[in-house]
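Grab a coffee and work through these exercises with the structure open beside you. Try each task before you read its solution.

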Amino acid sequence: MSVTQYRRVAALAAVAGLGLALAACSTKGDDSSSSGDKVTITVDCMPVGSQKELLKDWNADVEAFQKLYPNITIKSVSVGAQCNNPPDFTARLAGGTVTDVFYAYMTDLQQVLDSGQAMEITQYVNKDQISTWDSISKEAKAAFSEGDKLYGIPTKNYSMGLLYNKNLFQQAGLDAKNPPKTWEEVRDAAKKIATLGNGIAGYSDYSAGNTGGWHFTAELFSQGGQVVTADGKKADFNNDLGKKVLQNLKDMRYTDNSMGSKQLLQWADLLTNAGAGKVGMFVGAPDATTAIVTQFQGKYQDWAMAPMPGQGGAAKGTLGGGEGYFFKKGLSKAQVEAGLKWLAYEKLTVGKGQFDYVRAKPENNPVGLPQPQLFIPGSDAFKADNDLKVANANVTVDDFALFANNPVPIKFEPANAQAIYAVLDSAMSAILTNPNASVDDELKKAEDKVNQALAAAAK
Amino acid sequence: MPSATVAPSPIHASPPAPTTRRTRRAGGQRITNNLTGYGFLIGAILCFALFSWYPMIRGVVMSFQRTRRGVTTWVGWDNYERILQDPSFWTAWKNTAYFTVLALVLGYAVPFVVAIIFNELRHARGYLRVLIYLPVMLPPASALFLFKYYAYDPSDAGLFNAILKVMHLPTSQWMQSTSMAVPAMVLASTWMNMGGAVLIYLAALQNIPGSLYEAAELDGAGLFKRIRHVTIPQTKLILSLMAMLQVVATMQLFIEPLILANGAGTQDSATSVAYLIYQHGFFQNDLNGAAALGVIMLLVLGGFSAVYLRLSAKQE
């Protein structure tokens, strides 16, 4: 048997296996479209057994929700890598085994629409179904819309800034209250931190598993650039701004030697190093600190966050992204409404579900981080969420004040983002691992490949 | 003629029953007698059909289609054209071919040499067999993580770099180097898989009649002559089979780039064809392109298999 067959069999077997599991939970045919009747929906991303606290909270929420709506039954499904793994998600989508209400990144809209798996829900979504709907940011809604058609509900968002290790700043003689504001200052601070030795990188960055392209994009946004043209048809990073991004990194890596020798890092690699106290600074969202603490043995008190650095001044933009839920095509009206009620309860109500800070505080889940900031600043939901967060904070809010109080304009990720990121990984890896790599050549190669990927996607 | 002297068998002596009736009855009898066996066979055939043949056919069909907005259309050779224009396409084939050739040199020859050495030993052969097989018992992902984080650490703290430093040799960036990525993958892969090949070669070597070696020794043959004139000819069949399996297995290079290089590696230096299929299918939202690339790979590997079958038929 050839590799093709093996791979395909493995993929299909995985999808088929998952399909059987999900089919067992399928609700097709056992619901009625009449809103007063019993209705069942499957939802994904239930925490796994090892996440004891999270699973307990989830089950409690399902139980409370079903008490509130006795005619709705929630069937929870645990899926591969708990929703945060693009290949798992693609397999489920391609295999047609997504749940009735299914999780996706904001970058997945195109892929979901191409698969024909999602239904348009514009007519169903309003303030009656989701009481905070009018307070949710328009940009987040746009990430799940095409034109005036809505396909999904945003439930979490993030934007990026500069995370830095206060301990290492102190050891390097830097002022942790006055972190770098520009890429030039980042470079200087990185040099000083790297002199501490012991394998500590002053600044660290990604270059594999699509995360390199993601960070290139974030750093390009900070310079005022964009990865694709406004119409989304052509690459737009092979220019002076794109060159500055790569040249900054190349200078830090090889001229200053301030980025450490271990490269080809992807998400978990960098956070593992950060958790071990080996990273002075990196670009990330506030919830990166949550991962550092809960998954990589770091400490909250070591980390603080500043706004995204800019080139020669304040950043002109920062990358924003997030997640949300789509509805599987073919659901009845009652199922869609039940799904909306569930999302409203678990993801979009202040004081409930993901915003239940009273419950999160004693469980040592972080309260007080400036994100998600799904609600429009100044809106009722924003104020209520903020008040509750401040009252129950268990992280030092001051450590994130510079980031929260100096917002940078958020620029959301482009369509086909994951395909673009996969290509840009190559440019990032070249610059960070090969001292002889040419910034111009790498950008040109990446531009050709991205243009090809965009042309293929447009066909 | 001897056959003329042989008495007719009782079967021939009695008048033969009508052929069709006898065959039908005998066939029916065979089916009844082997009902359990056929039951197992049907199960196996169904499993192959469902998880092997159907996906393969489906893959070929998908390679000529494209799905947009849930609507699937026939696009002819479009997916193939697109895949052939992918700048990583030839790089992936080049890396895969390089890996296969290196793996043939290392992964094919080294286990054979090790098996010969083990076979020549009079003591401790059993212990060494266990020791050499131990890496095979490690899950491949665990073994590769060991290489990734300890052996191939590009700093001086890495195991291999520390050894090179002690020997006053230049250190390497290993997986971060465009020139070392493929050899480093071959090294790890050989270490992981050598045990199984050694045991197969050992079994073949132990089947060679000792009298052949004794005769060779009486004729004054030394170790190398014995290997050349006895060992290799006597194990030719298993050697050619293993060579073919090695080519097919090494061209499936996937988990090594995925784990050791976190994907494509530096400037695509670790991209393999199988990884490119995965990248198109699962990262670039291009399942049809991935299917086309899969079919191309299927044809290439099918070509290798056909050549092998032809050669072995000639040898026979």
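## Exercise 1: A loop in chain A

A:Pro372 sits in the loop between helix H13 (357-360) and helix H14 (380-391) of chain A. Keep in mind that you're looking at a predicted model.

Task: work out whether the peptide bond from A:Gln371 to A:Pro372 is cis or trans, then find the sign of phi at A:Asn364.

Solution. Start with omega: for the bond from A:Gln371 to A:Pro372 the angle is near 10°, and that bond is cis. Next, go to A:Asn364, which is also placed in the loop between H13 and H14 of chain A. Its phi is near 65°, so to speak a positive value in a residue other than glycine.

## Exercise 2: The disulfide

Task: find which cysteines are joined by a disulfide, and say which parts of chain A the pair ties together.

Solution. Count to begin with: over all chains, the structure holds one disulfide. The partners are A:Cys45 and A:Cys83, with an S to S distance of 1.7 Å. Now place them. A:Cys45 is in the loop between strand S1 (39-43) and helix H2 (52-68) of chain A, while A:Cys83 is in the loop between strand S2 (72-76) and H3 of chain A, so the pair ties together parts 38 residues apart in sequence. Last comes the handedness: the torsion about the S-S bond of A:Cys45 and A:Cys83 is about -105°, and the disulfide is therefore left-handed.

## Exercise 3: Salt bridges

Task: trace what B:Arg82 pairs with, and find a salt bridge that joins chain A to chain B.

Solution. Side chains of opposite charge can pair when their charged atoms come close. The count over all chains is 20 salt bridges. One of them links B:Arg82 to B:Asp286, with the closest N and O atoms 2.4 Å apart. B:Arg82 belongs to helix H5 (residues 78-85) of chain B and B:Asp286 to the loop between helix H15 (273-282) and helix H16 (287-315) of chain B, so this pair ties together parts 204 residues apart in sequence. Between chain A and chain B the count is four salt bridges. Among them is A:Lys449 with B:Asp268, at 3.4 Å from N to O.

## Exercise 4: The interface

Task: describe how chain A and chain B meet, from contacts to buried area to the helices involved.

Solution. Take contacts to begin with: 53 residues of chain A touch 50 residues of chain B. The two chains bury about 4,100 Å² between them, with 53% of it on carbon and sulfur atoms. Across this interface, 18 residue pairs are in polar contact (both at pLDDT 80 or more). On the chain A side, H1 (3-25), H3 (86-95), H4 (109-115), H16 (417-433) and H17 (439-458) each supply at least two residues. H1(A) gives the most, with 11 residues. Sorted by class, the chain A side has 23 nonpolar, 19 polar and 11 charged residues.

## Exercise 5: How far to trust it

Task: find where pLDDT stays under 50 in chain A and in chain B.

Solution. Begin with the averages: chain A has a mean pLDDT of 89, with 92% of its residues at 70 or more, and chain B averages 85, with 90% scoring at least 70. In chain A, pLDDT stays under 50 over residues 1-34, where the model has 74 contacts beyond four places in sequence. In chain B the stretch is residues 1-19, with one such contact. Where pLDDT is low, the predicted coordinates should not be read in detail. For the complex, the predictor gives an ipTM of 0.83 and a pTM of 0.84.

Key
Residues are numbered from 1 along each chain as its sequence is written. Chains are lettered from A and ligands numbered from 1 in the order in which they are written. Side-chain values use heavy atoms; hydrogens and water are left out. Contact means heavy atoms within 4.5 Å. Buried area is the accessible area (1.4 Å probe) that two parts lose on being put together, summed over both. A salt bridge is a side-chain nitrogen of Lys or Arg within 4 Å of a carboxyl oxygen of Asp or Glu. A polar contact is a pair of N or O atoms within 3.5 Å; within protein, one must be able to donate a hydrogen and the other to accept it, and residues adjacent in sequence count only if both atoms are side-chain atoms. Helices (H or I, at least four residues) and strands (E, at least two) are DSSP runs, numbered from the N terminus. Ala, Val, Leu, Ile, Met, Phe, Trp, Tyr, Cys and Pro count as nonpolar, Asp, Glu, Lys and Arg as charged, and the others, Gly among them, as polar. pLDDT is the predictor's confidence in each residue, from 0 to 100. A disulfide is a pair of cysteine sulfur atoms within 2.5 Å.
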